[in-house]
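Have a look at the chain below. The report that follows walks through its charged pairs, its rings and some of its strands.

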Amino acid sequence: MAITRIKLLTIPLDILPDEDIEQTVMDMLDKGEPQHIVFITIWDLLRARRDAEFRAMLEQAALCLPLSKSLLKAAQFLKLPVPIRRDSFDMIIRILNIIDSHYKTLYILGGRAQNLLDAERNVHVTFPGIGIVGRFNGFYRKNMEPDIILSIVKAHPALLIAGNGIPGGARWIYRNKDKLPASIFIHDNDIIDIFAKRKKRISDAAFRKGHEFWPQLLRNPFKVFYVFRYLLFLLIVLFYRLFRT
């Protein structure tokens with residue numbers, strides 16, 4: 001795989017060129033263990049610096065792809081190789097196109113029951129070459145988890161996409177890694193609702209400008225206090241530029 005991994009403020013980020021995406025995905029499918037793809041924001045990077053489990057999840061992930069534009073600016077400011085920023089929806093669509101063209105299989109996990117059914121139907125229409133080998137809605141009772149994991153193991157999909165309603169979000173994949181099959185795993189909280197057409201994805205223009213945080217702020221005005229986290233991020237970046245080699 002033509003992947004370059006850098007450490008930004010000690011947290012891993014991967015550089016994956018466009019021309020290498022398909023071969024990287026196919027190589028991941030040949031691995032004998034679960035392959036976790038994680039999308040990273042500024043807030044994730046700050047969380048990983050103080051949360052040992054979250055950091056371990058990122059360090060063990062097959063791919064850590066940056067979502068936030070500020071991560072790229074920080075890498076450039078620190079004179080590191082600059083990663084390629086990835087929109088999670090766009091990247092998931094690319095991977096679905098790859099497994100569709102190779103007639104691979106998919107398992108969908110998460111979301112409300114009706115949203116999951118609608119998402120499955122829309123994915124099947126858009127990607128007819130994909131075999132959907134299982135689904136299970138989120139917001140389930142804890143005692144159902146062993147049966148869900150067993151169904152995933154039996155289905156052994158090439159790709160599992162997890163949406164909302166999964167305990168721990170992306171950590172669910174990390175925490176159950178030893179029980180899961182050698183598949184590619186991706187978590188995105190909104191993806192099932194977007195596939196079900198219950199939620200709109202951020203526009204390409206807004207993503208290019210780095211405005212993906214504004215819709216989140218409109219839904220939750222208390223996130224305005226994230227400005228203090230952002231200032232902390234800038235201070236840490238400046239500290240590394242001045243005092244770290």
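Leaving aside its neighbours within four places in sequence, which residues is K177 in contact with? K177 is in contact with P34 and Q60. Keep in mind that this is a predicted model.

**A lysine without a partner**

K177 sits in the loop between α8 (170–175) and β8 (184–187). K177 is buried, yet it has no salt bridge. The nearest side chain of opposite charge is E33, which is 5.3 Å away. A salt bridge needs the nitrogen and the oxygen within 4 Å.

**Salt bridges**

By that rule, the count comes to 15 salt bridges. Three of them are listed here.

| Pair | Closest N to O | Place |
|---|---|---|
| D18 and R94 | 3.4 Å | loop between β2 (11–15) and α1 (21–29); helix α5 (residues 88–101) |
| R47 and D44 | 2.7 Å | helix α2 (residues 42–50) |
| R94 and D90 | 3.3 Å | helix α5 |

Start with D18 and R94, whose closest N and O atoms are 3.4 Å apart. This pair links distant parts of the chain, with the two positions 76 residues apart in numbering. D18 lies in the loop between β2 and α1, while R94 lies in helix α5. How accessible are the two ends? D18 is partly exposed, at 41% relative accessibility. R94 is partly exposed too, with a relative accessible area of 28%.

R94 also meets D90 in a salt bridge. Here both residues lie in helix α5. They are four residues apart, about one turn of the helix. D90 counts as partly exposed, at 33% relative accessibility. Shared partners join D18, R86, D90 and R94 into one network of salt bridges.

R47 and D44 make another pair within a helix. They are three residues apart in α2, again about one turn. Is each of these two residues buried or partly exposed? R47 is partly exposed, at 24% relative accessibility. D44 is buried, at 14%. The limit for buried is under 20% relative accessible area, so D44 falls below it at 14% and R47 does not at 24%.

**Charges over rings**

R47 has a second contact to look at. This arginine lies over the face of F54, at 5.1 Å from the ring centre. So R47 takes part in a salt bridge with D44 and also lies over a ring, within the 6 Å allowed from the ring centre. R112 gives another example. Its charged end sits over the ring of F139, 3.7 Å from the ring centre.

**Rings beside rings**

How many aromatic pairs does the structure hold? It holds five. In one of them, the rings of F239 and F243 have their centres 5.2 Å apart. Their planes stand at 45°, so the pair is tilted. A pair of aromatic rings is described by the distance of the centres and the angle of the planes.

Both residues lie in helix α12 (residues 226–243). Being four residues apart, F239 and F243 are separated by about one helical turn. F239 is partly exposed, with a relative accessible area of 38%. F243 is exposed, at 59%. Ring pairs link F239, Y240 and F243 into a cluster.

**Strands**

Now turn to the strands. Strand β1 (residues 4–8) and β2 pair in the antiparallel sense, over five bridges. The bridge partner of L8 in β2 is I11. The two strands form a hairpin with two residues between them. L9 is in the turn and has a positive phi of about 55°.

Is β2 mostly covered or mostly open? It is mostly covered, as five of its five residues are buried. I11, L13 and I15 point one way from β2. P12 and D14 point the other way. In a regular strand the side chains alternate between the two faces of the sheet.

Strand β4 (residues 63–66) can be read in a similar manner. L63 and L65 point one way, C64 and P66 point the other way, and all are buried. Strand β3 (residues 35–40) and β4 run parallel, joined by four bridges. I37 has L63 as its bridge partner in β4.

Note on methods: Residues numbered from 1 in each chain as written. Predicted model: local features only at pLDDT ≥ 70, side-chain atom pairs only at ≥ 80, totals over all residues. Heavy atoms only, no water. Buried < 20%, exposed > 50% of the residue type's maximum accessible area, 1.4 Å probe, protein only. Phe/Tyr/Trp six-rings, centres within 6.5 Å; stacked < 30°, edge-to-face > 60°. Lys NZ or Arg CZ within 6 Å of the ring centre and 35° of its normal. Pairing = 2+ DSSP bridges. Lys, Arg positive; Asp, Glu negative; His and termini not counted. Contact = heavy atoms within 4.5 Å.
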